[in-house]
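Hi,

Here is the structure I said I'd pass on. Have a look at it first, and then read my notes underneath.

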Amino acid sequence: MRKHNLLFISFSLAASLTACGKTSVVESNIGAETIAESETTAEAENTAKTAAADAELISGTETLGSVSETESVPITAYDDLILRFSLLADDPRSFSLTDTDGSGEMNYLITAIEMEDNYGGKASDMTGYALKDLNYDGIPELAIGTVNEYGAFLTDLFTLVDGKPHMVFGEFGENYARVKNGSFFYDDYHSASEYGKGIYYFNDDGTALVCNEFYFICSLDGDDAYAVVYYNMSGSWDIEDSTESSVSVDDFYAWEPEYDYLPIIPFSAAD
């Protein structure tokens with residue numbers, strides 16, 4: 001099943017419970033705004049950090065504070081979150097989507113339930129967590145998402161602020177995948193007729209994501225025949241804040257970057 005189909009089904013389920021300053025950097029087939037343009041400063045810095053971190057990892061010197069990234073050492077500050085999401089994964093239907101406890105749970109539960117419905121397995125086997133320093137600031141992030149067999153889809157991401165978990169993303173509709181250049185790829189529905197894709201980066205302190213480029217389409221009654229692809233660099237779904245893009249609807253749907261598959265541990269294997 002293609003990822004955007006799963007996300008659209010997830011949006012429909014949630015809707016039934018509730019209610020309808022950088023240059024472009026992505027080297028893909030998305031269109032004139034993104035093809036063969038130079039890297040931004042943000043991506044260049046990410047590339048440099050990635051190269052340096054890889055060199056440290058090869059030499060065996062990379063550490064997360066005092067914890068080596070190559071060791072399976074639990075990050076105590078995240079233990080309660082890992083346990084909570086493990087409980088959600090074990091029996092997602094026993095939790096109410098409209099009465100979840102804590103950040104990011106509704107976003108995760110929608111995905112967990114739909115995955116069980118569409119793949120026939122257990123959410124605890126198909127989803128899990130990874131601990132990894134994603135922006136190389138010495139603080140490991142906790143990522144919640146699908147195991148690699150089912151893609152690079154992430155429903156939640158946490159970092160530590162003053163030693164306590166802080167949600168980077170995970171509210172309803174905040175679904176991303178990690179990209180090999182260090183960015184995050186947004187790919188989700190905003191409503192039954194609005195579908196968007198975009199590139200985001202960590203902000204300077206690593207506590208949120210900021211938009212670098214965003215494309216979305218609006219189609220009437222689900223008909224893409226007259227759909228227009230709009231573009232902005234703020235992540236806005238407002239047509240008035242956007243410009244019409246030269247990207248075709250077909251190229252928009254085909255846009256998919258090279259993902260960075262995080263080492264997701266299934267919740268069924270969590271200690």
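Below is what I found, going from the whole chain down to a few residues.

One thing to keep in mind is that this is a predicted model. The chain has 271 residues, and 50% of them count as buried. Its secondary structure comes to 6 helices and 11 strands. The accessible surface is about 12,800 Å², and carbon and sulfur atoms account for 50% of that.

Next, the second largest cavity. It holds about 30 Å³ of space. If you want to find it, look for the residues that line it: Thr-146, Asn-148, Gly-151, Ala-152, Phe-153, Leu-154, Asp-260, Tyr-261, Leu-262 and Ile-264. Sorted by class, that lining has 6 nonpolar, 3 polar and 1 charged residues.

Thr-146 is a good place to start, as one of the residues in that lining. You'll find Thr-146 in strand β2, which covers residues 141-146. With a relative accessible area of just 3%, Thr-146 falls under the 20% cut-off, so it counts as buried. What does the side chain of Thr-146 reach at 3.2 Å? That would be the backbone oxygen of Gly-151, and Gly-151 also lines the cavity. If you set aside the neighbours within four places in sequence, Thr-146 is in contact with Met-115, Met-126, Thr-127, Gly-151, Ala-152, Phe-153 and Ile-264.

Ala-152 takes us on to Tyr-259. The two are 107 residues apart along the chain, yet their C-alpha atoms are separated by 6.6 Å. Tyr-259 sits in the loop between α6 (249-254) and β11 (265-266). Is Tyr-259 buried or exposed? Its relative accessible area is 9%, and buried means under 20%, so Tyr-259 is buried. The side chain of Tyr-259 also makes a polar contact with the side chain of Glu-256, at 3.3 Å.

The last residue I looked at is Asp-187. It is part of strand β6, residues 184-191. Asp-187 has 5% relative accessibility, so it counts as buried too, given the 20% limit. Which side chain does Asp-187 pair up with in a polar contact? It is the side chain of Tyr-195, at 2.4 Å.

If you only have a minute, I'd go to Thr-146 in strand β2 and then follow its side chain to the backbone oxygen of Gly-151. After that, have a look at Tyr-259 and Ala-152, with their C-alpha atoms 6.6 Å apart.

Cheers

Note on methods. Residues are numbered from 1 along each chain as its sequence is written. This is a predicted model: local features need pLDDT of at least 70, side-chain atom pairs count only at pLDDT 80 or more; totals for chains, interfaces and linings use all residues. Side-chain values use heavy atoms; hydrogens and water are left out. On a 1 Å grid over the protein atoms alone, a cavity is a set of points where a 1.4 Å probe fits but cannot get out, and a pocket is an open set with protein on both sides within 12 Å along at least five of seven lines; lining residues have an atom within 4 Å of a point. Grid points are joined across faces, edges and corners, and a volume is the space filled by probe spheres set on the points. Ala, Val, Leu, Ile, Met, Phe, Trp, Tyr, Cys and Pro count as nonpolar, Asp, Glu, Lys and Arg as charged, and the others, Gly among them, as polar. Helices (H or I, at least four residues) and strands (E, at least two) are DSSP runs, numbered from the N terminus. Buried means under 20% relative accessible area, exposed over 50%, partly exposed in between (1.4 Å probe, protein chains only). Accessible areas come from the Shrake-Rupley method with a 1.4 Å probe; for residues, only the protein chains shown count as cover. A polar contact is a pair of N or O atoms within 3.5 Å; within protein, one must be able to donate a hydrogen and the other to accept it, and residues adjacent in sequence count only if both atoms are side-chain atoms. Contact means heavy atoms within 4.5 Å.
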